[in-house]
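These are comments on the model, set out as numbered points. The pockets come before the sheet, and single residues come at the end.

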Amino acid sequence: MSSHPYTYVTLSLRPESTPHVGVSFHTPGLKVRAGLLLSSPRPYLELYSTEANVHISTTGAGPVTEADLTTAREIFNAAARYLADCEHLHAEQSAEDAGDSAA
């Protein structure tokens, strides 16, 4: 496991299959923003760093659908889980570090 920040992108192309792009961010430089594109209007979510961007918006860049609402709820729930896991592990690691420095 690398302890250095990194971002990588993979592209898989297989005959007679849909191409697949993977983006992995492992960097403290990751930024997240959301907003409403006023020209359309439609919501967007963006995850980005200096190395790569991921943009999420409505199906076909059109009006918000039930599927878009489902996806937005799944993103919200996954982000809440990610936050809870990060907070839990950070607290554990901080307690271990405090114990190590006390020894």
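1. For the pocket linings discussed below, Ala, Val, Leu, Ile, Met, Phe, Trp, Tyr, Cys and Pro count as nonpolar, Asp, Glu, Lys and Arg as charged, and the others, Gly among them, as polar. By these classes, the lining of the second largest pocket has 8 nonpolar, 3 polar and 1 charged residues. The model is a predicted one, and the points below should be read with that in mind.

2. The second largest pocket has a volume of about 270 Å³. Its lining consists of Pro 43, Tyr 44, Leu 45, Ile 56, Ser 57, Thr 58, Val 64, Asp 68, Leu 69, Thr 71, Ala 72 and Ile 75. At least two lining residues come from each of S4, strand S5 (53-57) and H1. Helix H1 gives the most, with 5 residues. Asp 68, one of the lining residues, counts as charged because Asp belongs to that class.

3. Asp 68 deserves a separate remark. This residue sits in helix H1. Its relative accessibility is 12%, and because buried means under 20%, Asp 68 counts as buried. Ser 57 is 11 residues away along the chain, and the two C-alpha atoms are separated by 8.1 Å. Both Asp 68 and Ser 57 appear in the lining of the second largest pocket.

4. The largest pocket holds about 420 Å³ of space. The residues lining it are Phe 25, His 26, Thr 27, Leu 30, Val 32, Leu 45, Leu 47, Ile 56, Ile 75, Ala 78, Ala 79 and Tyr 82. Strand S2 (20-26), strand S4 (42-48) and helix H1 (66-102) supply at least two of these residues each, with H1 giving the most at 4 residues. By class, the lining has 10 nonpolar, 2 polar and no charged residues.

5. The two linings should be read side by side. Leu 45, Ile 56 and Ile 75 are listed for the largest pocket, and Leu 45, Ile 56 and Ile 75 are listed for the second largest pocket as well. H1 is the leading contributor to the largest pocket and also to the second largest pocket.

6. On the sheet: what is the strand order, and in which sense do the strands pair? The order is S3-S4-S5 in an open sheet of 3 strands, and the pairing is antiparallel. Strand S3 (31-37) and S5 are the edge strands, each pairing on one side only. From one strand to the next the twist averages 20°.

7. The two strand pairings can be given in more detail. S3 and S4 are antiparallel and pair over 7 bridges; Arg 33 has Glu 46 in S4 as its bridge partner. S4 and S5, also antiparallel, are joined by 5 bridges. Tyr 48 stands opposite Asn 53 in S5, and S4 and S5 form a hairpin with 4 residues between them.

8. The count of aromatic pairs comes to 1. That pair is Tyr 6 with Tyr 8, at 6.0 Å centre to centre and 10° between the planes. The pair counts as stacked because planes under 30 degrees apart are put in that class. Neither ring belongs to a buried residue: Tyr 6 is partly exposed at 33% relative accessibility, and Tyr 8 is partly exposed at 39%.

9. Two backbone angles should be checked. Most residues other than glycine have a negative phi. Glu 16, not a glycine, has a positive phi of about 60°; this residue lies in the loop between strand S1 (6-12) and S2. Ala 61, also not a glycine, has a positive phi of about 55° and is found in the loop between S5 and H1. As to accessibility, Glu 16 counts as exposed at 87%, whereas Ala 61 is partly exposed at 42%.

10. A last point concerns Leu 89, which lies in helix H1. Leu 89 is partly exposed, with a relative accessible area of 43%. Thr 27 is 62 residues apart from Leu 89 in sequence, and the C-alpha to C-alpha distance between them is 17 Å. Thr 27 is also one of the residues lining the largest pocket.

Note on methods:
Residues are numbered from 1 along each chain as its sequence is written. This is a predicted model: local features need pLDDT of at least 70, side-chain atom pairs count only at pLDDT 80 or more; totals for chains, interfaces and linings use all residues. Side-chain values use heavy atoms; hydrogens and water are left out. On a 1 Å grid over the protein atoms alone, a cavity is a set of points where a 1.4 Å probe fits but cannot get out, and a pocket is an open set with protein on both sides within 12 Å along at least five of seven lines; lining residues have an atom within 4 Å of a point. Grid points are joined across faces, edges and corners, and a volume is the space filled by probe spheres set on the points. Rings of Phe, Tyr and Trp (its six-membered ring) pair if their centres lie within 6.5 Å; planes under 30 degrees apart count as stacked, over 60 as edge-to-face and the rest as tilted. Buried means under 20% relative accessible area, exposed over 50%, partly exposed in between (1.4 Å probe, protein chains only). Two strands pair if DSSP finds at least two bridges between them. Axes are lines fitted to C-alpha atoms, for helices over the stretch in contact, and angles run from 0 to 180 degrees between N-to-C directions.
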